[in-house]
Amino acid sequence: MKTCLVVDDSKVIRKVARHILETLDFSVTEACDGREALDACMAAAPDVILLDWNMPVMSGMDFLRALRDSNIPTRPKVVFCTTENGMAYIRAAIEAGADEYVMKPFDRDTLESKLQIVGMA
Amino acid sequence: MPIRPTSTSPAAATATVSQRAVNAFSALLESRTGQQISAYRSWRIDTALKPLMRARGLDTLDQLAAALLETGDRCLSDQIVDALLNGETSFFREAPVFDLIVEAVAALEARQRRVRIWCAGCSTGQEPLSLAMLFAERAEERGAPMPDIVATDVSEAALARTRAGRYTQFEIQRGLPIRRMMRWFDAVGNDWAAKHELLRAMTVRSHNLAADAPLPGMFDIVLCRNVLLYLDPQTKTEVFARFAAALRPGGLLVLGAGETVIGQTDAFAPSRDLRGLYERVDGATVAAATAAG
């Protein structure tokens, strides 16, 4: 079973994402900011990370840079999932090492499609 | 374009759809497109036509059917057909098929031929645009020639959207990798619009698979995915004959993952080299196709 870490400060988004991911046969863990997510990745890196942009403590972008600079032995796929839908944000995320980008709001088809694109569904 | 799927339960819908209305809508759809509303899908009519009912200020499907039958309003009948057709599609749908098409095109180009591709039943354009992106990238990387891509559909509303190449946030995210979206689309308000260079790579035309003669000129590849399953067996056989007439000998037919030619036509056989695709059989009869035109 593939593993997905959902990183979002919104409990509702985490719940919705978890529900969709579990129907896609993922084992899901959650973090509510970038710092928690980084700790989780150091302990056990997931296969894929669904990552919000704007969060307290550590933003999604700061988390992504830290993750890609870290010495974690695997390279989890990172799918940004954010309301920052402008081209400049998308470009910045991809340049920082994101593999895919989901523009909120999203539905099951969108998430499944993006996970297929990164080879995770 | 098949019948629009909805989430309305059959029980909820049957109370609002009389058999007279179902018959009127079914007859209209079949006469225009050859597509049938089978009994198990008739309950979907309700949800498919609800937006049109609201726009026309009507409360029931019976009122809509009456307006159709009594006024003979061409605009209304066009809107009903468009609403009943299912525009279900996405970018790079069944993605491995696109790798096979690239492989096939490369093999044809090795014979010094400019390749022609027909997307039959292109819906709102995601399929031909997916092809256009693939081949435009190949042209950028290797200087390979662009094939001719002809996109057709029976729905004028779908064709208008194909020509515009403009998609909602939900549509653009289905099947399209983000890097390709960045390369080939611009943000326009809340939508995403294909760049003109991409739109220029395809020709968009109206064509009714069930009634019109094959497109002029010979094609190397015809894609017709998830459309023929809505046609009756006889019409389907006629469409296969038209595709055979439109294809060069050895030309390829690409169907949806759940579709086959086996038992339905002798004009095509499974490709030996490209698994899942079908080849026009040498000497395949095209009499039915030319007669139908």
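**Entry 1. The sheet of chain A**

In which sense do β4(A) and β5(A) pair, and over how many bridges? I looked this up first in the predicted model. β4(A) and β5(A) run parallel to each other and are joined over four bridges. For the register I noted one pair: A:Val79 stands opposite A:Glu100 in β5(A).

I then followed the sheet as a whole. It is open and has five strands, in the order β2-β1-β3-β4-β5 (chain A), with parallel pairing. β2 (26-31) and β5 of chain A are the edge strands, each pairing on one side only. On average, neighbouring strands of this sheet are turned by 20 degrees against each other, direction ignored.

**Entry 2. Helix α5 of chain A**

I next examined the helix that packs on this sheet. α5(A) touches β3, β4 and β5 of chain A, and its direction makes about 175 degrees with that of β5(A). The helix spans residues 108-117, and I listed its buried positions as A:Thr110, A:Leu111, A:Ser113, A:Lys114, A:Leu115 and A:Ile117. In an α-helix, residues three or four places apart point the same way, because there are 3.6 residues a turn.

What do the buried residues of α5(A) pack against? Within chain A, I found α1 (11-23), β3 (48-51), β4 (77-82) and β5 (100-103); α9 of chain B is a further partner. Just after α5(A), I recorded a positive phi of about 75 degrees at A:Gly119.

**Entry 3. A:Thr82**

I selected A:Thr82, a residue of strand β4 of chain A. Is A:Thr82 buried or exposed? I entered A:Thr82 as buried, because 21 C-beta neighbours lie inside 10 Å, and the cut-off for burial is 20 or more. Leaving aside neighbours within four places in sequence, A:Thr82 is in contact with A:Asp52, A:Trp53, A:Gly60 and A:Lys104. I also checked the distance to A:Ala17, 65 residues away along the chain: the two C-alpha atoms are separated by 12 Å.

**Entry 4. The contact between the chains**

I turned to the contact between chains A and B. Chain A gives 15 residues to it and chain B ten. On the chain B side, α9 (169-172) and α10 (178-184) each supply at least two residues. The largest share of that side, three residues, comes from α10(B). By class, I noted five nonpolar, three polar and two charged residues on the side of chain B that touches chain A.

**Entry 5. Chain B and its domains**

For chain B I recorded 13 helices and ten strands. Of its 293 residues, 46% count as buried. Among contacts in chain B with a separation of 6 or more, 76% join residues 24 or more positions apart.

The domain assignment gives domain 1 (10-84) and domain 2 (96-292) for chain B. The centres of these two domains of chain B, taken over C-alpha atoms, are separated by 29 Å. How many residues of each domain are in contact with the other? I found seven residues of domain 1 of chain B in contact with twelve of domain 2 of chain B. Helix α5 (residues 74-84) of chain B provides the largest share of the domain 1 side, three residues. That side has one nonpolar, four polar and two charged residues.

**Entry 6. Strand β1 of chain B**

Why is β1(B) described as largely enclosed by the rest of the structure? The reason I noted is that five of the five residues of this strand (residues 116-120) are buried. The burial covers both faces: B:Arg116, B:Trp118 and B:Ala120 lie on one side, with B:Ile117 and B:Cys119 on the other. Side chains alternate between the two faces of the sheet in a regular strand.

I traced the pairing partners of β1(B). With strand β2 (residues 148-153) of chain B, the pairing is parallel over five bridges, and B:Ala120 stands opposite B:Thr152. With strand β7 (residues 219-224) of chain B, the pairing is parallel over three bridges, and B:Cys119 stands opposite B:Leu223. Together with α7(B), β1(B) and β2(B) make a right-handed β-α-β unit.

**Entry 7. B:Gln126**

I closed with B:Gln126, which belongs to helix α7 (residues 126-142) of chain B. B:Gln126 counts as buried because 26 C-beta neighbours lie inside 10 Å. Beyond neighbours within four places in sequence, B:Gln126 is in contact with B:Thr89, B:Ser90 and B:Phe91. From B:Gln126 to B:Phe91, I noted 35 residues in sequence and 4.9 Å in space, C-alpha to C-alpha.

Notes. Residues numbered from 1 in each chain as written. Chains lettered and ligands numbered in written order. Predicted model: local features only at pLDDT ≥ 70, side-chain atom pairs only at ≥ 80, totals over all residues. Contact = placed C-beta atoms within 7 Å. Nonpolar A, V, L, I, M, F, W, Y, C, P; charged D, E, K, R; others polar. Buried ≥ 20, exposed ≤ 12 C-beta atoms within 10 Å, placed from the backbone. Domains from an automatic or database assignment. Pairing = 2+ DSSP bridges. Axes fitted to C-alpha atoms, helices over the stretch in contact; angles between N-to-C directions. Right-handed = clockwise from strand over helix to strand, strands pointing away.
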